[in-house]
Amino acid sequence: MIVVRIKDVGDIIKARSAVKDVAEKLGFGIVDRTRISTAVSELARNIYLFAKEGDVQIEELSNPHKGIRITFIDHGPGIEDIDLALKDGWSSSNGMGKGLPGARRLVDLMEIESQPGKGTTVIIEKWLKG
Amino acid sequence: MSKRVKDLDSRLERLEGALTLANTGTFDIDVEVSDELDFDDPLTAVETGVYVLINDMGEQVMESRKRSQELQDKLNLIEKQRQAIEELSTPIIKIWDQVLVLPLIGTLDTRRSQKLTEALLTDISATQTKVTIIDITGVPNVDSAVANHLLKTVAAVQLLGASCVITGIRPEVAQTIVHLGVDLGGVETLSNLAEGLQWALNRLKYRILKEEGVQ
Amino acid sequence: MITQSIPILKLKEFLLVSIQTDLHDRMAEQLQYDILQHISKTGAKGVLIDISALEMVDSFIGRTLADTARMASTLDAEIVIVGMQPAVAITLVELGLSLGDVKTAMNLDEGYTLLVEQLSKNGSNQIESEEKEEVSIDDSG
Ligand SMILES: Nc1ncnc2c1ncn2[C@@H]1O[C@H](COP(=O)(O)OP(=O)(O)OP(=O)(O)O)[C@@H](O)[C@H]1O
Ligand SMILES: [Mg+2]
C-alpha cells in the first residue's frame, strides 16, 4: 500500500501521479487512468480545502474485482449531510459542487463515511473490465 | 438370534464421516469398505448402499458441474460475439476530406456509448478531422438515457475542437425527445445523412456545384 | 514551495500559452493572473492556450480556464483552448463540467484561424479569411 500525505496544494499532484503509476502498472487504459486521477484530484483537494490535511492510501484489488482502491482519510470537520454533499452543484464553500458527485461518476464504487467534528473517509474503487 | 457385527464403532464412524463429507459436497470417498464383503454382516448392506449412493451422487455432481461450465463457456462466447458484432456494426467512416460518419445501429447502453466515444475521439484526434456526423437512423429507441449518451459524446467531440451533427432523427424520435424533456439545445440536429453531409461541407466552406451544359 | 511560471509568448497579434507541466491550483491561478496582465499590457485580441500536454483537467483547472476566458472577454480578448486530449475530454464530460462558451480548436493552426475569423467577424480587423474552395461533382454517371 502506498500512502501520500496531503498537506499542501502540491501534494494533490503527488497523489494523482502516484495513483496514475499504480493504475498504469495494473493495466488500466488511458481513459480509465484519466478518470481515476481526476477523481483523486477532486477528493484530495477536498481534504486540502476542508480538513487541511489527511492521507491518500492506494491499494491493488484482486477479489472479487481486479482493480485499484483509493482511500481518503482526514480528521477534519466531517460532512453534516452526505446526501446533500453528493448533489451536483452543492457546495459549502464557493466551489462548484462538482467534486464528490463528479468523482462518483468516474469510478465503479464510492463510499463515504463521515462524522461531524471527527473526520471523513472516502473510498473509491475502479475495476479492470475484460 | 442376532448376527455379529464386526468393528461396529469404527465402521459407524466411517459411515458418519462419509455422510458428513457428502453433505458438504465432497463425494470422493474410499468405497472399499472391508477386505472381503461379508454379507452375513447386517451392516455390510447398509454400507454398500450408502457408499454406492454417494459415489453416484459424486458422478452426477461432476457431470452437472461440467455441464454448467460448458454452458458458462457458451454464454461467454455469445457475449464475446455480441461485442464483436457491436464493434463491427459501428464503423467510423471517412466520407470526405475532414468528414467522418458514425452510423449507429442498435441499442446504446452506457458501456457501448463509452466505447464508441473513446473510439471516435481517438480517431478524430489522430486524423485531426474537423466534422463528425453521428447518424442515428438505426437506433430503435431513443429514450432519455440514449439522448444523454449522445449529448455527452457530442460535448466531448466539441471539447477537442471538432464539430458534430446528429442526423437521422425520425419523427417519432423527435416526438419522444420533446416528450421526455430532453434538451438537445446546442447540438446540431438534422433529419437525414444527406443534409448532414451538406452541413459538413458548408462548414468546411466547400460548395458543391452541378456542372451545367456538359458537352 | 516554488511556483513555476508558465511562459506566455507573442504569436503575431496574439498570445500563445503552452502548458507543459502538471498544474496545481496555485499555478493555475497564477496563470490566470499572468494571462490577464499580458492581455492588458499588449492589447492582444486573442490567446491560444495549448493544453495538449495536460494529462487531466479537473474541476479546478476547468473552472479556472472557463473563468479566464470570461475575464479575457471583458478585456475584449478571445481565448481558444487548443489540443485537448481525447481522454481528458471524455473525463471532463463525465465529471459533469462544461467549459461554458470557451472556444476550442484541435491544433494551433486551427486555433489561429479561428481567432482571425473571430476578429474579422467582430469587425475590429480587416483580415481576409474567406477561403472558399469549390468542388464540382460530375453526376452524369
Ligand atoms: N473531506 C471533507 N471534509 C469535510 N467536508 C467535505 C469534505 N469533502 C467534501 N466536503 C463537503 O462536501 C461539499 C461538496 O463537496 P464537492 O467536492 O462536491 O464540492 P466543493 O469542493 O464544494 O466544490 P468543487 O469540488 O466543485 O470545487 C463541500 O462543499 C464540503 O462542504
Ligand atoms: Mg471539491
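Here are three short exercises with worked solutions on this predicted model.

Ground rules: residues count from 1 along each chain as its sequence is written, and chains are lettered from A and ligands numbered from 1 in the order in which they are written. Local features need pLDDT of at least 70, side-chain atom pairs count only at pLDDT 80 or more, totals for chains, interfaces and linings use all residues, and side-chain values use heavy atoms, with hydrogens and water left out.

**Exercise 1.** Work out which residues come nearest to ligand 1 and what polar contacts it makes.

*Solution.*
- Start with the shell, where a residue is near if one of its heavy atoms lies within 4 Å. Of 19 residues around ligand 1, the nearest are Asn46(A), Ser91(A), Ser92(A), Lys98(A) and Leu100(A).
- Next, look for N or O pairs within 3.5 Å. The side chain of Asn46(A) puts an N or O atom 2.8 Å from a ligand oxygen.
- For Ser91(A), a polar side-chain atom sits 2.6 Å from an oxygen of ligand 1.
- Leu100(A) joins in through its backbone, with a polar atom 2.8 Å from a ligand oxygen.
- Now check cover, using Shrake-Rupley areas with a 1.4 Å probe. On its own, ligand 1 has 590 Å² of accessible area, and the protein covers 94% of that.

**Exercise 2.** Sort the shell around ligand 1 by residue class.

*Solution.*
- Count Ala, Val, Leu, Ile, Met, Phe, Trp, Tyr, Cys and Pro as nonpolar, Asp, Glu, Lys and Arg as charged, and the others, Gly among them, as polar.
- The tally then reads seven nonpolar, nine polar and three charged.

**Exercise 3.** Find the backbone oddities at Pro64(A) and Lys52(A).

*Solution.*
- Check omega: the Asn63(A)–Pro64(A) peptide bond is cis, at about -10 degrees.
- Then check phi: Lys52(A) is not a glycine, yet its phi is positive, about 70 degrees.

How values were computed
Polar contact = N/O pair within 3.5 Å; in protein donor to acceptor, adjacent residues only side chain to side chain.
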